[in-house]
Amino acid sequence: MKNNSLHPIVQSFTVRHEYKLHFTDSMFCPENDLLKDIIGNYSRGPVKTLFVIDQGVSDHHPDLEQKIRAYCKNYPQQLSFTALVQIPGGEAAKISDTHVNKVLEAINTQHICRHSFVVVIGGGAVIDAVGYAATIAHRGVKLIRVPTTVLAQNDAAVGVKNGINRFGKKNFIGTFALPYAIINDSVFLDTLEWRDWISGTAEAVKVALIKDASFFSFLENNATAIRNREKDPMQELIYRCARIHMEHIAQGGDPFESGSSRPLDFGHWAAHKMEQMSEYRIRHGEAVAKGIALDVTYAWQAGLLDQASWQRILDLLISLGFEMNIPFGEPDDIAILLNGIEEFREHLGGELTITLIDAIGSKYDVHEIDSGMMKRSIGLLNKAATTAAKK
């Protein structure tokens, strides 16, 4: 029998994914049984648990390791503390595989298996890197994310992506893998630098613009309070942003990005490139705010968005505390920045698809970008930013 006469063997199966985002305060207080219950409900007997902590979080919470050890000791039937590893916070965590390898080594030496847990506590970059390590060790060990910044709590830690940078490209190496659980602990927000407090609000503006006009109005009405570090409106921002983000992942039909459209990356083609060009001196949320401002300026110039809506968006970003200028004005720099469009397409593959908006709360995908119009949009945005700074 010839091979070409054999029919292909075809099977299909469905895997049900579920993960939960929990909200709490002071998760390592002995009276707070959330983490104990999450891990204890998974398995009988003490479960081996490896903790990986963002060095910046440790610096701001010097008693954190002591609290973790005491917490595990308080629940010996559910938790077995194995080790605590620290890695640098910020983009340094994922700029190479150095820190991923450190986590992998700890997983190996501490005999963490698929029935053990890795608990990562830190900002979005640390969670990205540790999530990648947890995904590739034993083809996947269980991960609990404890995001400690606004951006991580409302965006970076609530998705299904993990990754590190390579070849000067953000998240070039990575995986899709769901965490076992996410825990948003509000106590970690108290020690954030002001820049990090504000930075994560850009992701809320992003989801409001593409998904929810009423959320955009909430942000407008509460921008001053959020900028002034009032905790209640910030908690509302985080909750609503995370909910919209997770609903999109679960109900958007493409959680693992097999298609060409990535609405949740609105404003990100320019953001990723600006981060790289600034050698990551521009924080991710700051770059996203600039990327959003640039893309809505382009949408206005392309006739998709009315001028009044464009001005509202810029006013909100400025009210939250962002600078709107694109800090790369030389022709060579602009050419490098615009190359981010092709890098964005290449990262996903397929047809170029850039998400813009045609109204507040309404996304609009385009499949080509007029480079001349984008250059003019940079000039218009910088002019608007200069005018706003003089007020």
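Asp-265 is buried, with a relative accessible area of 10%; buried means under 20% relative accessible area, exposed over 50%, and partly exposed in between, with a 1.4 Å probe and protein chains only. The model is predicted: local features need pLDDT of at least 70, side-chain atom pairs count only at pLDDT 80 or more, and totals for chains, interfaces and linings use all residues. Residues are numbered from 1 along each chain as its sequence is written, and side-chain values use heavy atoms, with hydrogens and water left out.

Asp-265 sits in the loop between helix H10 (231–251) and H11. Helices (H or I, at least four residues) and strands (E, at least two) are DSSP runs numbered from the N terminus. Apart from neighbours within four places in sequence, Asp-265 is in contact with Lys-161 and Phe-344, where contact means heavy atoms within 4.5 Å.

**Cavities**

The structure holds two cavities of 30 Å³ or more, and the largest has about 50 Å³ of space. A cavity is a set of points on a 1 Å grid, over the protein atoms alone, where a 1.4 Å probe fits but cannot get out; lining residues have an atom within 4 Å of a point. Grid points are joined across faces, edges and corners, and a volume is the space filled by probe spheres set on the points. The lining of the largest cavity includes Asp-265, Trp-269, Phe-344 and Ile-354. Helix H11 (268–277) and strand E9 (354–359) are the elements that give two or more residues to this lining. By class, the lining has four nonpolar, four polar and three charged residues. Here Ala, Val, Leu, Ile, Met, Phe, Trp, Tyr, Cys and Pro count as nonpolar, Asp, Glu, Lys and Arg as charged, and the others, Gly among them, as polar.

**Helices H11 and H14**

H11 is mostly covered, with eight of its ten residues buried. Trp-269 and Met-274 are among the buried residues of H11. Their cover includes strand E7 (169–176), helix H8 (201–211), H12, H14, E9 and H15.

Helix H14 (residues 331–348) has 18 residues and reaches 27 Å from its first C-alpha to its last, close to the 26 Å expected at 1.5 Å a residue; the expected span is 1.5 Å times one less than the number of residues. Phe-344 is one of the buried residues of H14, and these pack against H11, E9 and helix H15 (371–390). Just after H14, Gly-349 takes a positive phi of about 85 degrees.

**Nonpolar cores**

A nonpolar core is a set of buried Ala, Val, Leu, Ile, Met, Phe, Trp, Tyr and Cys residues joined through side-chain atoms within 4.5 Å. The largest has 69 residues, and those with the most contacts inside it are Phe-215, Leu-219, Leu-237, Trp-269 and Ile-313. Helix H12 (residues 284–301) gives the largest share of this core, ten residues. Another core, of 33 residues, lies apart from it and includes Leu-50 and Tyr-132. Leaving aside neighbours within four places in sequence, Phe-215 is in contact with residues including Ala-204, Leu-237 and Ile-244.

**Positive phi outside glycine**

Two residues are listed below.

| Residue | Phi | Loop | Relative accessibility |
|---|---|---|---|
| Arg-229 | about 70 degrees | between helix H9 (213–227) and H10 | 29%, partly exposed |
| Glu-279 | near 55 degrees | between H11 and H12 | 61%, exposed |

How values were computed: On a 1 Å grid over the protein atoms alone, a cavity is a set of points where a 1.4 Å probe fits but cannot get out, and a pocket is an open set with protein on both sides within 12 Å along at least five of seven lines; lining residues have an atom within 4 Å of a point.
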